[in-house]
Amino acid sequence: MYPARITDEFPAPSYRGNQKQALADIRAAFERGKDVVLVRAPTGSGKSLLARAIAGCARTAGDAAAEQVIDAYYTTPQVSQLDDVAEDALLEDLCVIRGKNNYDCILPGETDTPVNQAPCVRERKFDCQVKHRCPYFSDRAIASNRRIAAMTLAYFMQTAGSDVFGKRDVVVIDEAHGLGEWAEMYATIDLSPQSIPMWNDIDVPDIDGLDEAIAFTERVEHLAERRVKELRQKAELTGEEVAERDSLNTLRQDLGWFREDYTDTESATTWVVDQADGEHAPVTIKPMNPERYLKHTVWDRGNRFALLSATILNKEAFCANVGLDPDNVALVEVGHTFPVENRPLYNVAQGKMTYEHRDDTLPDIVRTIVRIMARHTDEKGLIHCHSYAIQEQLKTLLDDFGVGARVRTHDKEGRDGALSAWKRSDNPDVFLSVKMEEALDLEGDLCRWQVLCKAPYPNTRDSRVARRLEDDQWGWYYRTALRTVIQACGRVVRAPDDYGATYLADSSLLDLFERADHDMPDWFRAQVDRLSQPDLPRFAPDQALSALSSDTKRRHDRSRSRSGDGNHPLSDVWD
C-alpha cells in the first residue's frame, strides 16, 4: 500500500467539510504502520469518496513483485449503499459485482431465469456456448481484473477461498459498525423446515446443550449428503431442485464448520443453541464473537484495512468484538460540519415502551404524533416503529384518531416498493417504517421530521444477548442501542444546508443517553446537550390533515369504509 497517494486518488474535484483533514489523518495512521484504520465519519461527510481514495492507495501490477498481492476491494453490508456507489459518477471506476440471483440468463427461453437457476446449474455437464456473454460471469471476470472490485459484504464473505476473488492489498469496508453482528448472522445455522426439505423425516429431539446439538447436526448432515447425492444423479434439475441442492450444500458446509470450531480448544468462538418450543421444534445454532469466522472471510483477504462508519463508538470494544488487536488499529475521527441547530432533538417522551408498559404508553405517543403532524402539516415525516407489532398498533390508533389518510406502511415483502412510492409522492405523508434506521437517504423535502418510538435495545430473548448480559456486558448493550439511535438521527439531515427534526417519544431513550454518555461522539453529544421540548399545537386531527386535498381524504374514507366490511364479496378488490 502507498498511503502517500491518498490525496491524488480522491475522486472529487474539490473537498467539502473535513475531507482534506480526514485524508491527512488516514494517511498518517497507515504510515505509522497500522494495518487497520477505523474512520469514524458522521452522516454527510462523504465516506464513499474517502473510501475510494483509500482503495486507490493499493499496490498495482506495475508496483508489485510477482509474489505480492495487488488492487483493492470495496464492500458494504448494505445493498442500497452499493446501489448508490454504482450510480455515483465520481465512483465509476469501482467495478460492481453482485450475486448470481441478480442476473438473468440470456439463453433463448431462459430470459426470466436468474443465473443461479440457469441450465448451467440445472443440467449435468451442460456446456453453455454463450458463457462469455453471460451477464454474471462477464461482470465477475471484469471485476476480478479491475483495480477496485465492489460488492456486498455477504458476497465478499461467500467468496472467501475463491480463485477468482483472492487476497488483495487493501480492503475497504463501508458502514462497518455492525461487522461483528453481521458475521454472527452469516455464521448462524438455522435448522428448520425452511432450510431442511426432509424435515419431516427427522426425529428432532429436545436439545439441551451443545453436545446434543453436535449429535443432531451429524444426523442432519448425513441426510443432507444423501439427498444431494440423489439430486446429482439426475440429468437435469428443476429450478426448485437447484435451490434445494445449493441450500443443502451450504448447510453441510456450515455444519462442518460449526463442529470443527466447537471442538477446537483454541477457538475464541462461543456457541449457543436455541430451541424455543422443545422437541420437534426448529433449532438455531448461533456463534458469539466469531473471530475465527471473520479471520477466514475478512481478515485473511487483505494486507491493509479501512473500516468506515459514523458509529464505531468504542475502539477497544469494537476490536474485541471482531478479533482485532487494538495496538494494530488506529481510530481517525472526522468532525461534523452540519450546524447542530439544523438537526435538533426534541423530547416528547410519553413513558416507557417496554413490553409491559407499551399498551399504556402508545395511545399517548399517537396523540403526540398527531400534534407533530399538525406542526408539520405540509412536510413528510418518518416514524421509526422498531417492530411490526408496534407499527400495526400505531396504524390502528392513527386511523382511529382520523389521520389515516396521511399515513403509509409497509410489510416485510414490500418494504422497498412502499418506501419508493412514499418518496415519490407529493403528499406530506407519514411513513411508518420498521428497521430503516440505516442506509436511508432522505435529503431535503423527502423528509423533514421523524419520531423514534422506542429505544432500540437488543432483544433480551435472543440467546446471544442473554449470554452477554449474563457475562455483565452491559456496555455492549447500551452501545448497540445508542449506535442505532445515532444512525436513525442521520436519516433526515444529509447536507450542511439540510434540516430536519427528530422527536424522542420513549422515555428510555433519555435514560440511554445518560448510560452511554461516555461512548457518544462529540458531534452527537452536542445534539443531546441541546435537547428541548417543542412547542406543539393542540391535539386537532383536522389540522394534521389540513394540507391534504379533499379528494385524497375522500378516497381514504371510502377505502376505510369498504375495507371495514370484510364480508362484502368485493372487499378484496376494494382493498
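A nonpolar core here is a set of buried Ala, Val, Leu, Ile, Met, Phe, Trp, Tyr and Cys residues joined through side-chain atoms within 4.5 Å. Buried means under 20% relative accessible area, exposed means over 50%, and partly exposed is what lies in between (1.4 Å probe, protein chains only). The model is predicted, so to speak, with a filter: local features need pLDDT of at least 70, side-chain atom pairs count only at pLDDT 80 or more, and totals for chains, interfaces and linings use all residues. Residues are numbered from 1 along each chain as its sequence is written, and side-chain values use heavy atoms, with hydrogens and water left out.

**View 1. The largest nonpolar core, with Leu307 picked out.** This core has 60 residues, and Leu191, Trp299 and Leu307 have the most contacts inside it. Helix α8 (residues 210–232) gives the most to it, with eight residues. Helices (H or I, at least four residues) and strands (E, at least two) are DSSP runs, numbered from the N terminus. Which residues does Leu307 touch, not counting residues up to four places away in sequence? With contact meaning heavy atoms within 4.5 Å, the partners of Leu307 are Val36, Val37, Leu38, Val39, Ile173, Ala176, Trp299, Ile312, Phe318 and Leu324. There is also a second, separate core, with 36 residues that include Ala55, Val85, Leu308 and Val332.

**View 2. The second largest pocket and its lining.** Everything about empty space here runs on a 1 Å grid over the protein atoms alone: a cavity is a set of points where a 1.4 Å probe fits but cannot get out, while a pocket is an open set with protein on both sides within 12 Å along at least five of seven lines, and lining residues have an atom within 4 Å of a point. Grid points are joined across faces, edges and corners, and a volume is the space filled by probe spheres set on the points. On that basis, the second largest pocket comes out at about 1,800 Å³. Its lining has 46 residues, and Ala154, Gln158, Asp246, Thr250 and Gln253 are the closest to the centre. Helix α9 (239–263) is among the elements that supply at least two residues each, as are α5 (135–145), α6 (153–158) and strand β4 (148–152). The biggest giver is α9, with ten residues. By class, the lining splits into 23 nonpolar, 17 polar and six charged residues; Ala, Val, Leu, Ile, Met, Phe, Trp, Tyr, Cys and Pro count as nonpolar, Asp, Glu, Lys and Arg as charged, and the others, Gly among them, as polar.

**View 3. The largest cavity.** The count of cavities of 30 Å³ or more is two, and the largest holds about 70 Å³ of space. Its lining includes Thr43, His336, Arg343, Trp523 and Gln527. Helices α16 (474–489) and α18 (522–529) are the elements that give two or more residues, and α18 has the largest share, with three. Six of the lining residues are nonpolar, four polar and one charged.

**View 4. The second largest cavity, with Cys453 in its wall.** About 60 Å³ of space lies in this one. Among its lining residues are His384, His386, Glu437, Cys453 and Lys454, and α16 supplies the largest share, three residues. The split is five nonpolar, three polar and two charged. Cys453 itself is buried, at 0% relative accessibility.

**View 5. Cysteines without a partner.** How many disulfides are there? Taking a disulfide as a pair of cysteine sulfur atoms within 2.5 Å, the count is zero. The sulfur of Cys453 has its closest cysteine sulfur in Cys385, 5.5 Å away, which is too far for a bond. For Cys134, the closest cysteine sulfur is in Cys120, at 6.5 Å, so that is too far as well. Cys134 is buried, with a relative accessible area of 10%.

**View 6. Three loop residues: Asp35, Asp71 and Lys435.** Asp35 sits in the loop between α1 (19–31) and β1 (36–40) and is partly exposed, at 28% relative accessibility. Its C-alpha atom is 6.5 Å from that of Val329, 294 residues apart along the chain. Most residues other than glycine have a negative phi. Asp71, in the loop between α2 (47–55) and β2 (72–76), has a positive phi near 70 degrees, and Asp71 is buried, at 11%. Lys435, in the loop between β14 (430–433) and β15 (449–452), also has a positive phi, near 55 degrees.
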